[in-house]
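Colleague: Please take me closely through the aromatic rings of this model, and then through the strands and loops that surround them.

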Amino acid sequence: CTFTCWCRRVSNIKSSNPAVVSISEDRAWIENSSYTITLNALSVGTATITVTPSGVSDGSGNPVNLAAKSVVITVSLPREKSNDNNLKSLSVEGYEISPVFDKDTLDYSVVVPEGTTGVKINALANDRYASVRGNGDVTLTEGVNTFEIVVKSETGKEKVYKLTVNVIDQNPIEVTIDGNNFTVIKLRS
């Protein structure tokens, strides 16, 4: 805390709760200057620091009455950063994913009709301090499209969810080569 006075004075400085906030000194002589005191946070809680001027005079030596000034200091523990890197929800707009969403399941799929060129992936982090990337509008091609939705916790831990979007071909070409069956996906031009 810094107090400024363009006069001569003695100030008494007190903490209402020295177990929470202690001060470096309880009185200060200030002459045409500012003065800095050090406050030490000792425990969680609240303390009021009060500076009461006494013996104040102006530059000519005439007495001046100044009111006490107070400031409330609240000491709290810092919030621990979150390790939560889970999704709260995952969906594809207009379609149902499989299996039903569960934060601990990492692989999902959805089937969309032939000719679908894009979908919107909606993913919401479980923790407000986490970030999500890989959601939003995505472009699709015929066949299997795989997307990663990455959740990064406040502490930097990442979890990767995988979403497979299959753009089905309503009339695929089935072929057998050397006894093996293959499905040929047609692309429209």
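Modeller: Rings of Phe, Tyr and Trp (for Trp, its six-membered ring) are taken as a pair if their centres lie within 6.5 Å, and the pair is called stacked when the planes are under 30 degrees apart, edge-to-face when they are over 60, and tilted for the rest. By this rule, two aromatic pairs are counted. In one of them, the ring centres of Phe-101 and Tyr-161 are 6.3 Å apart and the planes meet at 40°, so this pair is tilted. Its partners come from distant parts of the chain, 60 residues apart: Phe-101 sits in the loop between β7 and β8, whereas Tyr-161 belongs to strand β13 (residues 158-167). Together with Tyr-108, these two residues make up one aromatic cluster.

This is a predicted model, in which local features need pLDDT of at least 70 and side-chain atom pairs count only at pLDDT 80 or more, while totals for chains, interfaces and linings use all residues. Residues are numbered from 1 along each chain as its sequence is written, and side-chain values use heavy atoms, with hydrogens and water left out.

Tyr-161 is buried, at a relative accessible area of 0%, where buried stands for under 20%, exposed for over 50% and partly exposed for values in between (1.4 Å probe, protein chains only). The loop that carries Phe-101 also holds Pro-99, and it leads on to β8 (107-112); the peptide bond from Ser-98 to Pro-99 is cis, with omega near -5°. Strands here are DSSP runs of E with at least two residues, and helices are runs of H or I with at least four, numbered from the N terminus.

Before that loop, β7 takes part in an open sheet of three strands, ordered β7-β9-β11 with antiparallel pairing; two strands pair if DSSP finds at least two bridges between them. Its edge strands are β7 (87-92) and β11 (136-139), each of which pairs on one side only. The twist from one strand to the next averages 25°, with axes fitted as lines to C-alpha atoms (for helices over the stretch in contact) and angles running from 0 to 180 degrees between N-to-C directions. Five bridges connect β7 with the antiparallel strand β9 (residues 118-125), and one bridge partner across them is Ile-121 for Val-92.

On the side of Tyr-161, β13 is joined to β12 by 10 bridges in an antiparallel arrangement, including the one in which Glu-148 has Lys-162 as its partner. The hairpin of β12 and β13 has five residues between the strands, and Gly-156 there takes a positive phi near 100°. Strand β12 also runs antiparallel to strand β10 (residues 131-133), to which it is joined by three bridges, with Val-132 opposite Val-151.

Within β12 (residues 143-152) lies Asn-145, a buried residue with a relative accessible area of 8%. The side chain of Asn-145 reaches the backbone oxygen of Gly-143 at 3.1 Å, a polar contact in the sense of N or O atoms within 3.5 Å, where within protein one must be able to donate a hydrogen and the other to accept it, and residues adjacent in sequence count only if both atoms are side-chain atoms. Leaving aside residues up to four places away in sequence, Asn-145 touches Thr-139, Leu-140, Leu-163, Thr-164, Val-165 and Val-167, contact being heavy atoms within 4.5 Å.
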